[in-house]
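These are my notebook entries on one protein model. I set down what I looked up, entry by entry.

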Amino acid sequence: MNREQRAALLAVAEPDELIELADACLATGSAPTVLVAPEVGCVSVQVREPVVRDRFLLGDVLACRAEVELDGSRGWSMRLGDDRAAALAAAILDAAVEAGRAGDEVDELCARVRERQRAAEHAEWAELAPTIVEFEEL
């Protein structure tokens, strides 16, 4: 798993599981230096229209970001919403992996998050499948 994939999965992990794992990580090593304290702001969201594939601005969403340094490695996170503790925990976990600490535990967390995403997508498609209209060409 690369860093981009890890950041994407940590961005959607449940806050409790992020905070619990970050606390466990910090209990066994040095304390992080907070480079950017968790801050809440708005970010613009662009989406691609699926038919013509044109991009358009969907709107602004609330997001929280944080950046830390742990054992000489930087960690960063951005999550939707205003949960500062979860954003800080995700940044700590990112830094911990980059520093060679807690890589297996973070990978396990990311695997659980990925599996929940797949299950949710599968359930959504199962709900939508009966509404699919099939056309015949003459």
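Entry 1: Ala63 and its partners. I began with Ala63, whose bridge partner in S3 is Leu80. The model I am reading is a predicted one. On the S1 side, I found Gly41 standing opposite Ala63 of S2. I therefore noted the ranges of the three strands: S1 covers 33-48, S2 covers 55-70 and S3 covers 73-80.

Entry 2: the strand pairs. I looked up the pairing of S1 with S2, which is antiparallel and has 13 bridges. These two strands form a hairpin with six residues between them. In its turn I recorded Arg53, which has a positive phi of about 65°. S2 and S3 also run antiparallel, and eight bridges join them. Their hairpin has two residues between the strands, and I noted that Asp71 there takes a positive phi near 50°. Leu70 stands opposite Ser73 in S3.

Entry 3: the two faces of S3. Which residues of S3 are buried, and which are not? I found that the side chains alternate along the strand. Ser73, Gly75, Ser77 and Arg79 point to one face and are buried. Arg74, Trp76, Met78 and Leu80 point to the other face and are not buried.

Entry 4: the largest pocket. I next looked up the largest pocket, with a volume of about 260 Å³. Its lining includes Ala63 and Leu80, the residues of my first entry. Also among the lining residues are Ala7, Ala8, Ala11 and Val12, together with Val43, Val45 and Val61. Trp76, Met78 and Arg79 belong to the lining as well. Helix H1 (3-12), S1, S2 and S3 each supply at least two residues. I recorded the character of this lining as eleven nonpolar residues, no polar residue and one charged residue.

Entry 5: the cavity. How many cavities of 30 Å³ or more does a search of the whole structure find? The search finds one. H1, S3 and H3 are the elements that give two or more residues to the lining of the largest cavity. About 40 Å³ of space lies in this cavity. I listed its lining as Ala7, Leu10, Trp76, Ser77, Met78, Ala90 and Asp94. S3 gives the most, with three residues. The lining divides into five nonpolar residues, one polar and one charged.

Entry 6: Leu9. I turned to Leu9, which lies in helix H1. Why does Leu9 count as buried? Its relative accessibility is 6%, and the cut-off for buried is under 20%. Beyond its neighbours within four places in sequence, Leu9 is in contact with Met1, Cys110, Val113, Arg114 and Gln117. I also looked up Ala87, which is 78 residues from Leu9 along the chain; the C-alpha atoms of the two are separated by 12 Å.

Entry 7: helix H4. I checked the length of H4, which has 26 residues (103-128). At 1.5 Å a residue the helix should span 38 Å, and its end C-alpha atoms are 37 Å apart, so the two values agree. Within H4, I noted Val106, Leu109, Cys110 and Val113 as buried. An α-helix has 3.6 residues a turn, so residues three or four places apart point the same way. The buried residues of H4 pack against H1, helix H2 (15-27) and helix H3 (84-98). Two of them, Cys110 and Val113, had already appeared in my entry on Leu9 as its contacts.

Notes. Residues are numbered from 1 along each chain as its sequence is written. This is a predicted model: local features need pLDDT of at least 70, side-chain atom pairs count only at pLDDT 80 or more; totals for chains, interfaces and linings use all residues. Side-chain values use heavy atoms; hydrogens and water are left out. On a 1 Å grid over the protein atoms alone, a cavity is a set of points where a 1.4 Å probe fits but cannot get out, and a pocket is an open set with protein on both sides within 12 Å along at least five of seven lines; lining residues have an atom within 4 Å of a point. Grid points are joined across faces, edges and corners, and a volume is the space filled by probe spheres set on the points. Helices (H or I, at least four residues) and strands (E, at least two) are DSSP runs, numbered from the N terminus. Ala, Val, Leu, Ile, Met, Phe, Trp, Tyr, Cys and Pro count as nonpolar, Asp, Glu, Lys and Arg as charged, and the others, Gly among them, as polar. The expected span of a helix is 1.5 Å times one less than its number of residues. Buried means under 20% relative accessible area, exposed over 50%, partly exposed in between (1.4 Å probe, protein chains only). Contact means heavy atoms within 4.5 Å. Two strands pair if DSSP finds at least two bridges between them.
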